[in-house]
Amino acid sequence: MLIEYINATKNDAKLLVDIYNAAFYSDFIKYGECPAYGRTISDMEKSIERFPKTIILYDKKPIGVISIQNKGNGNYYIGCLCVIPEYQSKGIGTQAFKHIQSVYSDWKKITLITLADKEENIKFYTQKCGFSIASKSMDGNVEVINFHIER
């Protein structure tokens, strides 16, 4: 198993849309909406400018995305860490988070948000990555959990 990471450019927008759609399809079906699902290529190009994205490759095949925003002073926000379903539960997401920590070596605090009823996400972030639950809040009609990890 060879895992590699490449920085996405605007030329990767369609590929990123495809990965996001595969990773978030079940959320779209369950909730009837999902901000990460169904983006246009133009929207993704704009998102790449604001939130740098890294493509996760598994044996040279693109299977996931990391999107992280530098908030300054060692604070980072993970907008997306996704792996398409058929490649989940193989340690790829955990390795991707370690990659984030090494690339952004000045990190003091990393935050993210996930849906409160996504038990597999909660377990992943708390048990595999060491995040703590900071709070719960409502995002529209959906409850979300705000996570953080500090050093």
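**Close-up views of the predicted model**

**View 1. The largest nonpolar core of this predicted model.** The largest nonpolar core comprises 45 residues, and those with the most contacts inside it are Ile-78, Phe-97, Ile-110 and Phe-131. Helix α1 gives the most to this core, contributing seven residues. In soluble globular proteins, nonpolar side chains tend to be buried together.

**View 2. The surroundings of Phe-97.** When residues up to four places away in sequence are not counted, Phe-97 touches Ile-78, Leu-81, Ile-110, Cys-129, Phe-131 and Ile-149. Among these partners, Ile-78, Ile-110 and Phe-131 are, like Phe-97 itself, listed with the residues that have the most contacts inside the largest nonpolar core.

**View 3. The largest pocket and its lining.** The largest pocket has a volume of about 1,500 Å³. Its lining consists of 49 residues, of which Phe-24, Leu-81, Thr-114, Asn-121 and Tyr-125 are the closest to the pocket centre. Two or more lining residues come from each of α1 (13-31), α2 (41-50), β4 (75-83), α3 (92-103), β5 (109-115), α4 (119-128) and β7 (142-150). Sorted by class, the lining of the largest pocket holds 23 nonpolar, 13 polar and 13 charged residues. Leu-81, one of the residues closest to the centre of this pocket, is also touched by Phe-97.

**View 4. Ser-42 in helix α2.** Ser-42 lies in helix α2, and it counts as partly exposed because its relative accessibility is 37%, between the 20% limit for buried and the 50% limit for exposed residues. Between Ser-42 and Gln-69 there is a separation of 27 residues in sequence and, from C-alpha to C-alpha, of 19 Å in space.

Conventions: Residues are numbered from 1 along each chain as its sequence is written. This is a predicted model: local features need pLDDT of at least 70, side-chain atom pairs count only at pLDDT 80 or more; totals for chains, interfaces and linings use all residues. Side-chain values use heavy atoms; hydrogens and water are left out. On a 1 Å grid over the protein atoms alone, a cavity is a set of points where a 1.4 Å probe fits but cannot get out, and a pocket is an open set with protein on both sides within 12 Å along at least five of seven lines; lining residues have an atom within 4 Å of a point. Grid points are joined across faces, edges and corners, and a volume is the space filled by probe spheres set on the points. Helices (H or I, at least four residues) and strands (E, at least two) are DSSP runs, numbered from the N terminus. Ala, Val, Leu, Ile, Met, Phe, Trp, Tyr, Cys and Pro count as nonpolar, Asp, Glu, Lys and Arg as charged, and the others, Gly among them, as polar. Buried means under 20% relative accessible area, exposed over 50%, partly exposed in between (1.4 Å probe, protein chains only). A nonpolar core is a set of buried Ala, Val, Leu, Ile, Met, Phe, Trp, Tyr and Cys residues joined through side-chain atoms within 4.5 Å. Contact means heavy atoms within 4.5 Å.
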